[in-house]
Amino acid sequence: METTTGHNLRYPDLSDPPDLASQLHNLADDVEAAFAGIAPDSGVVTNGITVTPATGFTVTKVQHRTIGKKMWLGLTLSRSGAALTTSLITDTNPGNLADTLAATIADAAHRPMIDWYGIFRTSFTSGACQISAANGNVTILDMHDGSSISTGDNLFFYAPYTIP
């Protein structure tokens with residue numbers, strides 16, 4: 001059977017089923033098989049990578065999926081230490097909190113290629129966070145002024161990024 005150059009995708013011919021739906025299904029199977037070799041898909045993996053919590057946090061859930069060099073990380077941490085609270089913004093107070101290490105992604109293969117910046121959320125607040133390419137640190141950078149992450153609150157991070 002004749003195939004496309006370099007991709008091994010079949011052209012429909014007389015040996016294929018006569019209906020278009022079957023031909024499209026066969027072509028879709030061929031495309032999926034071709035992409036599997038180029039960008040393998042891990043599917044959703046729970047607790048498949050090591051994330052070490054920082055003091056004052058516990059890891060509740062780690063999920064990730066990789067397709068080729070693209071990774072999606074879902075990380076849930078629980079605050080086990082004292083509450084983190086920001087003050088209200090005033091003329092003399094920026095209302096921020098000091099950058100706070102929440103966890104570390106242990107394996108360099110699961111860290112972003114470049115520093116990744118995004119958001120986290122809890123039930124009561126949200127803010128900015130960073131995942132360091134160099135050391136895998138997941139750091140809370142800031143959150144809404146006057147808000148708090150109390151003991152027992154869950155923090156949710158979702159980070160899509162390219163891996164090395």
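How many of the 164 residues of this chain count as buried? The figure is 33%, where buried means under 20% relative accessible area, exposed means over 50%, and partly exposed lies in between, using a 1.4 Å probe and protein chains only.

Before I go on, some ground rules. This is a predicted model, in which local features need pLDDT of at least 70 and side-chain atom pairs count only at pLDDT 80 or more, while totals for chains, interfaces and linings use all residues. Residues are numbered from 1 along each chain as its sequence is written, and side-chain values use heavy atoms, with hydrogens and water left out.

Now the overall layout. The chain has 1 helix and 11 strands; these are DSSP runs numbered from the N terminus, with helices being H or I of at least four residues and strands being E of at least two. In sequence order, the pattern reads α-β-β-β-β-β-β-β-β-β-β-β. The accessible surface is about 9,400 Å², and carbon and sulfur atoms hold 57% of that; the areas come from the Shrake-Rupley method with a 1.4 Å probe, and for residues only the protein chains shown count as cover. Contact means heavy atoms within 4.5 Å. Among the contacts with a separation of 6 or more, 56% are between residues 24 or more positions apart.

Next, the inside. The largest nonpolar core has 27 residues. A nonpolar core is a set of buried Ala, Val, Leu, Ile, Met, Phe, Trp, Tyr and Cys residues joined through side-chain atoms within 4.5 Å. Those that touch the most other members are Phe57, Leu73, Phe120, Ile131, Ile140, Phe157 and Tyr161. At least two residues of this core come from each of β3 (57-67), β4, β6 (100-105), β7 (116-121), β8 (126-131), β9 (137-143) and β11. Take Tyr161: leaving out residues up to four places away in sequence, its contacts include Leu73, Ile131, Trp116 and Lys69.

What about empty space? Rolling a probe the size of a water molecule over the atoms shows where empty space is left. The search covers the whole structure and finds 2 cavities of 30 Å³ or more. On a 1 Å grid over the protein atoms alone, a cavity is a set of points where a 1.4 Å probe fits but cannot get out, and lining residues have an atom within 4 Å of a point. Grid points are joined across faces, edges and corners, and a volume is the space filled by probe spheres set on the points.

Which residues line the second largest cavity? They are Leu73, Leu75, Ile131, Val138, Phe157, Tyr158 and Ala159, around a space of about 30 Å³. β11 (154-162) and β4 (70-79) each supply at least two of them, and β11 gives the most, with 3.

One of those lining residues is Val138, in strand β9. Is Val138 buried or exposed? Val138 counts as buried because its relative accessibility is 1%. Outside its neighbours within four places in sequence, Val138 is in contact with residues including Leu75, Ile131 and Phe157.

Two residues for contrast. Thr60, in strand β3, is partly exposed because its relative accessibility is 48%. Beyond four places in sequence, Thr60 touches Thr76, Leu77, Ser78 and Asn154. Asp145 sits in the loop between β9 and β10 (148-149), and counts as partly exposed because its relative accessibility is 34%. The C-alpha atoms of Asp145 and Leu97 are 8.8 Å apart, with their positions 48 residues apart along the chain.

Definitions and conventions:
On a 1 Å grid over the protein atoms alone, a cavity is a set of points where a 1.4 Å probe fits but cannot get out, and a pocket is an open set with protein on both sides within 12 Å along at least five of seven lines; lining residues have an atom within 4 Å of a point.
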